[in-house]
Amino acid sequence: MATVNAIAAPSAIEPLVRTTIERRAVGPRDVLIEIRYAGICHSDIHTVRGEWGRVPYPLTVGHEIVGQVTEVGAEVTRHSVGDRVGVGCMVNSCRVCDNCKAGQEQYCLNGNVGTYGGSDRDGTITQGGYSTHIVVDEDFVLRVPEAIPYETAAPLLCAGITTYSPLAHWKAGPGRNVAVVGMGGLGHMAVKIAAAMGAEVTVLSQTLSKKDDGLAFGAKHYYATSDPATFKTLSNSFDLIINTVSAPIDMASYLRLLRLDGTLVAVGAPPEPLPVQVFALFGARRSFAGSSIGGIAETQEMLDFCAEHGISAQVEVINAADVNEAYDRVLKSDVRYRFVIDINTLH
Ligand SMILES: [Zn+2]
Ligand SMILES: [Zn+2]
């Protein structure tokens with residue numbers, strides 16, 4: 001066991017505080033990572049504030065982790081000391097269910113082990129990436145290509161794979177019209193990745209305030225959803241809509257933007273149910289779907305794809321002492337486009 005510096009939430013209503021946490025001893029198949037940067041995901045905030053269910057406080061969150069391998073267990077074959085690596089939203093799964101065997105560990109039928117707030121194989125509660133070190137089973141550690149700087153690579157481990165997986169599954173590519181709803185952490189990655197895949201990308205954002213950024217990230221078109229004309233102009237336009245917004249949307253209006261056989265995929269989650277007008281689905285054999293992160297092999301594929309296409313997240317790097325302020329700014333959508341904590345400031 002090792003005691004390491006971390007930032008933790010003492011309760012749902014208190015600010016995060018600087019503290020220490022325990023990391024397990026490096027087992028035969030474990031990798032010890034010295035963390036360099038950790039992204040701030042909206043899920044971190046929902047979780048520590050107890051909005052997504054019971055939380056084992058105190059809890060250290062963070063599941064967009066990049067750093068360097070500093071120790072490996074005797075049986076580790078996939079990683080070596082000195083490697084640039086990343087850890088995303090899960091640190092283990094059952095490995096024997098149908099979905100795990102299919103490389104879809106995120107859909108493990110026995111429940112994957114979340115990077116924070118999960119029950120680890122030794123019975124302890126997993127603690128996330130707002131800390132100086134983490135110990136992870138080698139199979140859940142990704143290679144971060146040299147071409148991607150550490151700080152802009154971190155958000156790929158959640159925001160990147162959450163958008164890459166549905167874009168790949170529903171075949172974003174040349175000749176396909178893809179709309180991205182919302183231009184936040186997830187949305188800006190969806191735009192960059194869909195454009196790199198060769199799709200024609202349209203951003204649907206509340207206002208036009210981020211239009212220049214959206215076009216620079218690779219979108220061809222940019223519309224304000226606050227303007228009712230948008231929904232008339234774009235009716236029956238898209239093969240695929242990726243909805244990154246976690247506030248409720250008017251489902252019928254968005255479904256009618258899909259052309260024949262189009263799919264609207266939710267990757268942002270409002271806490272309350274969304275009413276779906278079935279007639280809007282009938283109208284063009286449309287589908288409404290959901291998608292959750294991606295498997296480990298697919299996450300590696302995404303990192304390699306981003307390196308090959310020269311894309312990564314647009315980030316604002318902050319010090320560990322500024323995490324609470326950053327949370328307030330995320331809740332006001334005042335970030336372009338992901339906060340990343342410089343973990344050096346936690347040593
Ligand atoms: Zn996340
Ligand atoms: Zn499984």
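This briefing describes a metal site, a pocket and two individual residues of the structure above. The structure is a predicted model, in which local features need pLDDT of at least 70 and side-chain atom pairs count only at pLDDT 80 or more, while totals for chains, interfaces and linings use all residues. Residues are numbered from 1 along each chain as its sequence is written, chains are lettered from A and ligands numbered from 1 in the order in which they are written, and side-chain values use heavy atoms, with hydrogens and water left out.

**The zinc site**

- The zinc ion (ligand 2) has as its protein donors Cys94 (SG), Cys97 (SG), Cys100 (SG) and Cys108 (SG), which lie 2.3 to 2.4 Å from it; donors are N, O and S atoms within 2.8 Å of the metal (3.2 Å for Na, K and Ca), and since water is not among the atoms, sites may look incomplete.
- Along the chain, the donors of the zinc ion (ligand 2) follow the spacing C-x2-C-x2-C-x7-C.
- The arrangement around the zinc ion (ligand 2) is tetrahedral because its 4 donor atoms subtend angles of 103 to 121 degrees, where four donors count as tetrahedral if all angles lie between 85 and 135 degrees.
- Both Cys97 and Cys100 are buried, a term that means under 20% relative accessible area (1.4 Å probe, protein chains only).

**The second largest pocket**

- The second largest pocket holds about 390 Å³ of space; a pocket is an open set of points on a 1 Å grid over the protein atoms alone, where a 1.4 Å probe fits, with protein on both sides within 12 Å along at least five of seven lines, and lining residues have an atom within 4 Å of a point.
- A volume is the space filled by probe spheres set on the points, which are joined across faces, edges and corners.
- Its lining consists of 25 residues, and those nearest the centre of the pocket are Glu22, Arg23, Thr124, Ile125 and Gln127.
- Strand S2 (17-23), strand S6 (90-92) and strand S8 (133-137) each give two or more residues to this lining, and S2 provides the largest share, 5 residues; strands are DSSP runs (E, at least two residues) and helices are runs of H or I (at least four).

**Two residues**

- Gly67 is placed in strand S4 (residues 65-72) and counts as buried because its relative accessibility is 0%.
- Leaving aside neighbours within four places in sequence, Gly67 is in contact (heavy atoms within 4.5 Å) with residues including Ile33, Arg36, Val85 and Tyr150.
- Leu281 belongs to helix H9 (residues 278-282), and, not counting residues up to four places away in sequence, Leu281 touches Leu255, Val276, Arg286, Ser287 and Phe288.

Definitions and conventions: Tetrahedral: all angles 85-135°; square planar, octahedral: opposite > 155°, others 65-115°. Buried < 20%, exposed > 50% of the residue type's maximum accessible area, 1.4 Å probe, protein only.
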